[in-house]
Amino acid sequence: MRILIAEDDPALAATLVEAMRQNHHAVDTARDGRQADHALNLPDPYDLAILDLGLPYMDGLEVLQRLRQRGNRTPVLILTARDDIDHRVRGLDLGADDYLTKPFALPELEARVRALLRRAGDNPALLSAGPLTLDTTHRQATLGGEPLPLSVREMEILEALMQRLGQVVIKSRLANRLSDWDSEIGPNAIEVYIHRLRKKLDAGGVRIRTIHGLGYLLEVPVETA
């Protein structure tokens, strides 16, 4: 999952980034409201935005309002030091999905993120493809009932392929999904991750087929499809 964290406190932002990456999410950060507004207006959408209300240059409530005015339904978790009820109500009225008041316990934030991702979009929390399953909430995969150890980027690629089972996923979409603002993933790196995934999936008969000039297609054994 791709998450945007809009937080102007460097120490808190670093803590949140580390927590989300430990939970196997790709993370971008914005340090002010204008950066957050720009990031949320890019073509490749985020799965979740964690939005501080007290952002410089553009208040978090304005970022949220502009997001919803564009028809963007990205789930938004508000972080605020403003503990008065009026700000919380206004944030929810503008389209926020949940909020936390600072200071907060990190396990509670992680639980709320899991809940929002579980409810978000049209994708189920548990994906299945023959003997292969992927729990997108807890970021765990199994093959034939046995745990399948995957790196963060292998997990992201597998999720993208399973979400479009039987359809071609273009290489550039996989690259965008894996890239964040601190690192850009190129086509050659995608091929390396695909190669590693193929070796891990081979035992269960699950194939990743290359569609030359386009991308990749996930196929399951006929007898278990």
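Reader: Which residues line the largest cavity?

Author: M20, N23, H25, E110, V113, R114, T137 and R139 line the largest cavity. This is a predicted model, where local features need pLDDT of at least 70, side-chain atom pairs count only at pLDDT 80 or more, and totals for chains, interfaces and linings use all residues. Residues are numbered from 1 along each chain as its sequence is written, and side-chain values use heavy atoms, with hydrogens and water left out.

Reader: What makes a space a cavity?

Author: On a 1 Å grid over the protein atoms alone, a 1.4 Å probe must fit at a set of points but be unable to get out; lining residues have an atom within 4 Å of a point. The structure holds two cavities of 30 Å³ or more. The largest has a volume of about 40 Å³, and the second largest about 30 Å³. Volume here is the space filled by probe spheres set on the points, with grid points joined across faces, edges and corners.

Reader: What lines the second largest cavity?

Author: Its lining is L53, I78, T80, H87, R88, G91, L92 and Y99. Strand 4 and helix 4 (85–93) are the elements that give two or more residues. Helix 4 gives the most, with four.

Reader: How do the residues of that lining divide by polarity?

Author: Four are nonpolar, three polar and one charged. Ala, Val, Leu, Ile, Met, Phe, Trp, Tyr, Cys and Pro count as nonpolar, Asp, Glu, Lys and Arg as charged, and the others, Gly among them, as polar. The lining of the largest cavity divides into two nonpolar, three polar and three charged.

Reader: Which helix gives the largest share of the lining of the largest cavity?

Author: Helix 5, with three residues. Helices are DSSP runs of H or I, at least four residues, and strands runs of E, at least two, numbered from the N terminus.

Reader: How do you know that the span of helix 5 agrees with its length?

Author: The expected span is 1.5 Å times one less than the number of residues. For the 14 residues of helix 5 (residues 106–119) that gives 20 Å, and the end C-alpha atoms are 20 Å apart, so the two agree.

Reader: Why is E154 called buried?

Author: Buried means under 20% relative accessible area (1.4 Å probe, protein chains only). E154 has 2%, so E154 is buried. The residue lies in helix 6 (residues 152–163).

Reader: What does E154 touch?

Author: P149, Y193, R196, L197 and K200, not counting residues up to four places away in sequence. Contact means heavy atoms within 4.5 Å.

Key
Buried < 20%, exposed > 50% of the residue type's maximum accessible area, 1.4 Å probe, protein only. 1 Å grid on protein atoms, 1.4 Å probe; cavity = no way out; pocket = protein on both sides within 12 Å on 5 of 7 lines; lining within 4 Å.
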